[in-house]
Amino acid sequence: LAAKIAREFRTALKPGDVWDEMLGATDSLTDFIEQSLLEPAARPIVFAFDEVDNLFKYEFRNGFFAMIRGWHNRRAMNPVWNRLNVLIAHSTEPALFIEDINQSPFNVGEVIRLGDFTAAEIETLNQRNGKPLHSSQELDGLASLVAGQPYLIRQAFYCLRTTISSLAKLKQIAADDDGPFGDHLRRLLWNLQRAPKMQSAVRQVLRGNGCDAEPEFQRLRAAGLISGESRDAARIRCDLYRDYFTRHL
């Protein structure tokens, strides 16, 4: 990353000029950005990190995202860091991946979140896809199956338009590992299996007992797995998640 920054910005200072193996990669990169870009900068600089969910599967993710959070925190101590603005785009909710929220860049700054599709928007999508759903009851049925989750809604309409002839048939295979939502569901399951406390909290919600632990409630709700305004009212977000996690947890 430092080498790419040096090339793109044509910095006079090179990474090797400041790199210190004793400090480590994140501190060395931070020093390089400060000395080569921010101190001499005549105008603000923007870093745009797209599809950062690709990093969630790597062990170094905590250090990388803690580094970006550190850049944000440095604004309070060193004015040159106010010259740097960072945009982070992701389609997977990071709450399941970042263990320490105090080292997360996803809960500081301004958050622009894509909300669920509304009933009216689902009906518009149905029309734009040639009306594979023929009644308000079927539209409600799709909403119950996947809530308004944007990816799941779009995937459902794609399947109904191309390979699956009816909502009833979609429901029959929706929670299968090799079904139309299999990749999405397996990824969620894999991350829950790596977090025993989160997994136990999902089991409790599945049994209809709410969620005892506030940290797990907040993280599961942020990840879109559960809904509800309080721990006692916690419930699985949609029928798809209820069916799949009942089988696998």
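This section describes the nonpolar core, a β-α-β unit and the first helix of a predicted model. Local features require pLDDT of at least 70 and side-chain atom pairs count only at pLDDT 80 or more, whereas totals for chains, interfaces and linings use all residues. Residues are numbered from 1 along each chain as its sequence is written, and side-chain values use heavy atoms, with hydrogens and water left out.

The largest nonpolar core (buried Ala, Val, Leu, Ile, Met, Phe, Trp, Tyr and Cys residues joined through side-chain atoms within 4.5 Å; buried, under 20% relative accessible area with a 1.4 Å probe, protein chains only) comprises 70 residues. Trp 71, Leu 142, Leu 240 and Tyr 241 have the most contacts inside this core. Helix H7 (residues 150–162) gives the most to the core, with six residues; helices are DSSP runs of at least four residues (H or I) and strands of at least two (E), numbered from the N terminus. Residues up to four places away in sequence aside, Leu 240 touches (heavy atoms within 4.5 Å) Leu 145, Val 146, Leu 152, Ala 174, Ala 175, Phe 181 and Leu 185.

Strands E1 (residues 45–49) and E2 (residues 84–88) run parallel and are joined by five bridges, pairing being assigned where DSSP finds at least two. Phe 49 has Ile 88 as its bridge partner in E2. With helix H4 (residues 61–74), E1 and E2 make a right-handed β-α-β unit, the path over the helix running clockwise from the first strand to the second when the strands point away from the viewer.

In helix H1 (residues 2–9), Ala 2, Ile 5 and Ala 6 are buried. Their directions from the helix axis to the C-beta atoms fall within an arc of 100°, so these residues line one face of H1. Ala 3 and Arg 7 are exposed (over 50%) on the face turned away from the buried side.
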